[in-house]
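Okay, thanks for coming, everyone. I'd like to walk you through a structure that is new to most of you, so let's put it up.

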There are 2 protein chains.
Amino acid sequence: MVKITDVARHAGVSPSTVSYALSGKRPISEETRQRIEASIRELGYRPHAGARALASSRSNVLALVVPLRAGIHVPVVMQFAVSVVTAARRNDHDVLLLTQEEGEEGLRRVADTALVDALIVMDVQLHDARLPLLRALDRPSVLIGFPAAADGLTCIDLDFKAAGELCVERLAGLGHRVVALVGSPPEVYVRGTAFAQRVVEGFTAAAHRNGLSSSVHPCEASPAAARRIAEQLLREHPALTGVVVHNEPVLEPLIDAFEQLGLRVPGDLSVTAICPDEVAEGLRVPVTSIALPSAEVGARAVELLMRKLDGADVPGATLLAPRLTERASTAPRNAP
Amino acid sequence: MVKITDVARHAGVSPSTVSYALSGKRPISEETRQRIEASIRELGYRPHAGARALASSRSNVLALVVPLRAGIHVPVVMQFAVSVVTAARRNDHDVLLLTQEEGEEGLRRVADTALVDALIVMDVQLHDARLPLLRALDRPSVLIGFPAAADGLTCIDLDFKAAGELCVERLAGLGHRVVALVGSPPEVYVRGTAFAQRVVEGFTAAAHRNGLSSSVHPCEASPAAARRIAEQLLREHPALTGVVVHNEPVLEPLIDAFEQLGLRVPGDLSVTAICPDEVAEGLRVPVTSIALPSAEVGARAVELLMRKLDGADVPGATLLAPRLTERASTAPRNAP
DNA sequence: TTCCCCCGTCGAAGCGCTTCGACGTCACGC
DNA sequence: GCGTGACGTCGAAGCGCTTCGACGGGGGAA
């Protein structure tokens, strides 16, 4: 193994000079730097990660905690992980993969052993058991998602309120006057993550702002429940022409139910959804939708962490603007 | 930060004794060990990963290189990654996530900086550019998949030949006498990974062994191609009642085509496939299939690596036995 | 011209751990 | 009864890097 002293000898300088040339933490003359760089290339020198970590108390590794829960859309997680790795590499860091399964103990382990400099935690719950630990840890972290109490934490997520608004704005723009939100299962509003409520807020606010008649309907994640909601909507809101769906598993059965009840999508009914692109695209009628921008979330999360590692202050909350992808499920309202 | 000297002082022993108590590399009296363990708990001691890596030249981290190519089934990759992490943790190791994108440079970097002790490389191609590097690296690796020349490497994968056989055996057991293999696109047999050929070998061997009439049909990954193949099969092999499909994207259109041509699955035609469970389950007619056992591959890959790290010899090739999951697409042949 | 300071470099002191050789003690065999 | 190991523990020497203080030399300000 070639080490820094070998490079130093070869370049005719001291080891510390090589170190400074590499890190840029002290000025080194152009000429000397050139010579050192040449030696490094010639000898094929690579600094030993462990030694570097020990001396500098920086491992240049980030931990990424990925969820395993059922109901998590796997391709989204993967896409996110890849974007984190890519962004980390751009910042000269590597990524250590942890599973939710390891729990708090895993977080504490990698932090306390100084294996990682910072942590990214996905799939944060409203009352996540890891929050106190994350606050107490001596290394920075970024959470994907917003817990109930986010004080002292740095969180990032899609701006679900804006997403709810955007869905409505789109429908309003197409001339729809009566809209409904088919939301997550009731229990999600009670104990899930906060995003469900935020969608409702945005939906309702935008509907009012646009003078639309609107209603909100939590919905179990079953085809039968979808069917029931569809019937109820037609019964109670016969003038309904726009639906926003924030409930992935229900999306397909719901559209099926509407069509069986004689409503064509998008002919009679326009549908927008908040769901992963894969889901929206995989349906018989591809659905106009807003996806969690996983690549952007990953990149931004890493950037936040880098700033924190640099000792900079970062905003506690980062909300990413929703982007709506137009597909086949939306159309202008039929002239009455 | 509490360090080993703190523990030593607290327990009234020397640092080296603490180290030996932890590693078990030298005998320590029961009583002393108890005392040390109590001190560790009381002080909340965690060995510093960097220091440990430097002193022992073992980082206890494995690299996992995941593919990004289009056409890779993401949930399978994820499942695999999770099983690697789980198995690694069981062996007191962590997992560093690398993307294919980083290429050879990435492998070299994590190996040469001693960031990782060993590597797992997914999605190995027949003539993978990384093979020479992997051979030259001073740390052990395990490849998922078999390249053309696997000498000097350790590889693991589903036994695709046995999988081809198993599909045929199953059909033969149900009384089918005329079978066909709808395989991968032609180019895969030329430059892809070796598994496509092995399926053909197994398919053919088992068909002969069972005295079946059989034929093999490479197939482009398009619905049109599927349709063409279906028509061709009916024309050329009117007595056909069993089909093995080794071509994920074609599976659904092929079954559709058969049904449009008047053949019910499984009434008139039994279908078995080699594809991920998610794909097999997601079809209108859930398909009896053999999946790549990703969880098992992950666990076994880690075990192989552990043995290599221990200096033990391991087999160059590990073939995992296929397991066929019975679903709705297979039935006994109709009495003629 | 003199003083000061900054630039570029060096030497040495760790960072926290593992590991090797050494040493005292005790039990056992002859 | 003494030699001989094995056992249990210690001390010290690194592992390869970063970083701090120091120092010589040169340029600008006074």
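Before we start, a bit of vocabulary: Ala, Val, Leu, Ile, Met, Phe, Trp, Tyr, Cys and Pro count as nonpolar here, Asp, Glu, Lys and Arg as charged, and the others, Gly among them, as polar. With that sorting, the residues of the surface near DNA strand D come out as 12 nonpolar, 10 polar and 6 charged. And please keep in mind that what you see is a predicted model.

So, how do the protein chains relate to each other? Chain B can be laid on chain A by a turn of 180° and a shift of 0.1 Å along the axis, and the RMSD is then 0.1 Å. The two copies are thus related as by a two-fold rotation axis. And through which surface do the copies meet? Well, 100% of the interface residues of chain B are also interface residues in chain A, so they meet through the same surface.

Let's stay with DNA strand D for a moment. There are 28 residues around DNA strand D, and the closest are I4(A), Y20(A), R26(A), T17(B) and T32(B). Of the strand D atoms that come within 4 Å of the protein, 57% belong to sugar and phosphate. But have a look at R26(A): one of its polar side-chain atoms sits 2.2 Å from a base oxygen of DNA strand D. R52(A) goes for the backbone of the DNA instead, with a polar side-chain atom 3.2 Å from a phosphate oxygen of strand D. H48(A) also has a phosphate oxygen of strand D beside it, 3.3 Å away, but there the protein atom is a backbone N or O. Which elements give two or more residues to this surface? Those are α2 and α4 of chain A together with α2 and α4 of chain B. α4(A) gives the most, with 4 residues.

Now over to DNA strand C. Here 29 residues surround the strand, and T17(A), T32(A), I4(B), Y20(B) and R26(B) are the closest. Sugar and phosphate make up 57% of the strand C atoms that come within 4 Å of the protein. A polar side-chain atom of T17(A) lies 2.3 Å from a phosphate oxygen of strand C. For S19(B), again a polar side-chain atom, the distance to a phosphate oxygen of strand C is 2.9 Å. S14(A) uses a backbone N or O atom, 2.8 Å from a phosphate oxygen of that strand. α2 (15-23) and α4 (49-56), in chain A and in chain B, each supply at least two residues of the surface near strand C. The largest share is 4 residues, and it comes from α4(B). By type, this surface has 13 nonpolar, 10 polar and 6 charged residues.

Okay, away from the DNA and into the protein interior. The largest nonpolar core has 58 residues, and L64(A), I120(A), L64(B) and I120(B) have the most contacts inside it. A second, separate core has 44 residues, including A63(A), V124(A), V116(B) and L143(B). If you zoom in on I120(B), among the residues it touches are L64(B), F80(B), V142(B), I144(B) and L305(B).

Last stop: T272(A), which belongs to strand β9 (residues 270-274) of chain A. Is T272(A) buried or exposed? It's buried, with a relative accessible area of 0%. Its contacts further off in sequence include C167(A), L171(A), V244(A), V287(A) and T330(A).

That's my tour, and I'm happy to go back to any of the views.

Methods
Residues are numbered from 1 along each chain as its sequence is written. Chains are lettered from A and ligands numbered from 1 in the order in which they are written. This is a predicted model: local features need pLDDT of at least 70, side-chain atom pairs count only at pLDDT 80 or more; totals for chains, interfaces and linings use all residues. Side-chain values use heavy atoms; hydrogens and water are left out. Copies are superposed by least squares on the C-alpha atoms of residues with pLDDT of at least 70 in both. Contact means heavy atoms within 4.5 Å. Buried means under 20% relative accessible area, exposed over 50%, partly exposed in between (1.4 Å probe, protein chains only). A nonpolar core is a set of buried Ala, Val, Leu, Ile, Met, Phe, Trp, Tyr and Cys residues joined through side-chain atoms within 4.5 Å. A residue is near a molecule or strand if one of its heavy atoms lies within 4 Å of it. A polar contact is a pair of N or O atoms within 3.5 Å; within protein, one must be able to donate a hydrogen and the other to accept it, and residues adjacent in sequence count only if both atoms are side-chain atoms. Lists of a residue's contacts leave out its neighbours within four places in sequence.
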